[in-house]
Structure formats: C-alpha cells, structure tokens
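Welcome to this tour! Open your viewer, keep the selection tool at hand, and follow along stop by stop.

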Amino acid sequence: MGYGGIILKEMVKYAKEHAKTAIGFCNPKLSDYYKSLGADILTDGAQRFYSMETYGKLKQFISGNDVLYVEGSDDLMKEIISRPDLPVICDRYHW
C-alpha cells in the first residue's frame with residue numbers, strides 16, 4: 001500500500017529538519033529507492049558496522065549491505081566516510 005515509503009519519507013524529513021544523523025541498512029537492490037526518498041547511500045558500508053557483544057567482543061553487521069543515511073549537524077557520516085580504516089560500533093545490532 002506504500003505505507004513504508006510514506007514513513008521513510010517522514011523519517012528523512014524529520015532528520016533533515018532537526019539536523020539529526022539517521023542511519024539504516026539496506027539491500028543494495030533497494031538503494032536507489034531510498035535515494036529517491038531523500039537518503040544518501042554508503043555503498044557496501046554495513047561491513048564497517050559492529051555491535052559490542054559480551055566481554056567486549058565485536059560482532060560484524062551483515063556484509064554486502066549498503067548504509068542509508070541522512071547527515072546531521074554532527075557530521076557523523078562525514079567522519080565515518082573519511083576514516084574507512086576504523087570500525088563503527090553501534091548500540092544495536094542489525095536485525
């Protein structure tokens with residue numbers, strides 16, 4: 001019914017209006033769709049994202065996925081992109 005697109009457009013709009021960084025992950029086949037809704041894409045970027053497991057062990061997100069994002073006033077994605085040698089540790093693992 002297109003509800004997902006409506007919700008994502010509003011999420012992108014909110015992030016931009018409030019200068020908040022928003023990050024998500026997607027199958028590369030959907031990247032053009034997310035771009036059409038206003039998100040930017042970091043191709044094959046999910047491989048750089050990790051969650052912190054028990055005892056400080058890192059668990060890598062799914063490789064082969066793109067990162068969709070809206071850049072906020074903190075320039076977080078700019079920093080992530082400029083430092084491809086560093087992993088990005090997130091509080092929540094990709095579902």
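Is Ala19 buried, exposed or partly exposed? Select Ala19 and show the surface: Ala19 is partly exposed, because its relative accessible area is 32%. Here buried means under 20% relative accessible area, exposed means over 50%, and partly exposed lies in between, with a 1.4 Å probe and protein chains only.

Before moving on, please note that this is a predicted model, in which local features need pLDDT of at least 70, side-chain atom pairs count only at pLDDT 80 or more, and totals for chains, interfaces and linings use all residues. Residues are numbered from 1 along each chain as its sequence is written, and side-chain values use heavy atoms, with hydrogens and water left out.

**Stop 1: the whole chain**

Switch to the cartoon view. You will find 3 helices and 6 strands in the protein chain; helices (H or I, at least four residues) and strands (E, at least two) are DSSP runs, numbered from the N terminus. Follow the protein chain from the N terminus and the elements run α-β-α-β-β-β-β-α-β. The radius of gyration of the protein chain is 14 Å, close to the 12 Å that the globule rule gives for 95 residues, so the chain is as compact as a globular protein of that length. That radius is taken over C-alpha atoms, and the globule rule is 2.2 Å times the number of residues to the power 0.38. Of the 95 residues, 32% count as buried.

**Stop 2: two positive phi angles**

Go back to Ala19, in the loop between α1 and β1. Its phi is near 55 degrees, a positive value in a residue other than glycine. Most residues other than glycine have a negative phi. Now select Asp75, in the loop between β5 (66–70) and α3 (76–82). Asp75 also has a positive phi, of about 55 degrees, and at 37% relative accessibility Asp75 counts as partly exposed.

**Stop 3: Cys26**

Next, select Cys26 in strand β1 (residues 22–26). Cys26 counts as buried, at 4% relative accessibility. Which residues is Cys26 in contact with, leaving aside its neighbours within four places in sequence? They are Ser31, Tyr34, Asn65, Asp66 and Leu68, where contact means heavy atoms within 4.5 Å. Add Val67 to your selection: Cys26 and Val67 are 41 residues apart in sequence, but 6.3 Å apart in space, C-alpha to C-alpha.

**Stop 4: strand β3 and its partners**

Select β3 (residues 49–52) and show its side chains, which alternate. Phe49 and Ser51 point to one face and are buried, while Tyr50 and Met52 point to the other and are not. Now look at the partners of β3; two strands pair if DSSP finds at least two bridges between them. With β6 (residues 88–90), β3 pairs in the parallel sense over 3 bridges, and Val88 is the bridge partner of Phe49. With β4 (residues 58–60), β3 runs antiparallel, joined by 3 bridges, and Ser51 stands opposite Lys59. β3 and β4 form a hairpin with 5 residues between them, and Tyr55 in the turn has a positive phi of about 65 degrees.

**Stop 5: Tyr14**

Finally, select Tyr14 in helix α1 (residues 3–17). Tyr14 is partly exposed, with a relative accessible area of 49%. Measure across to Met52 in your viewer: the two residues are 38 apart in sequence and 28 Å apart in space, C-alpha to C-alpha.
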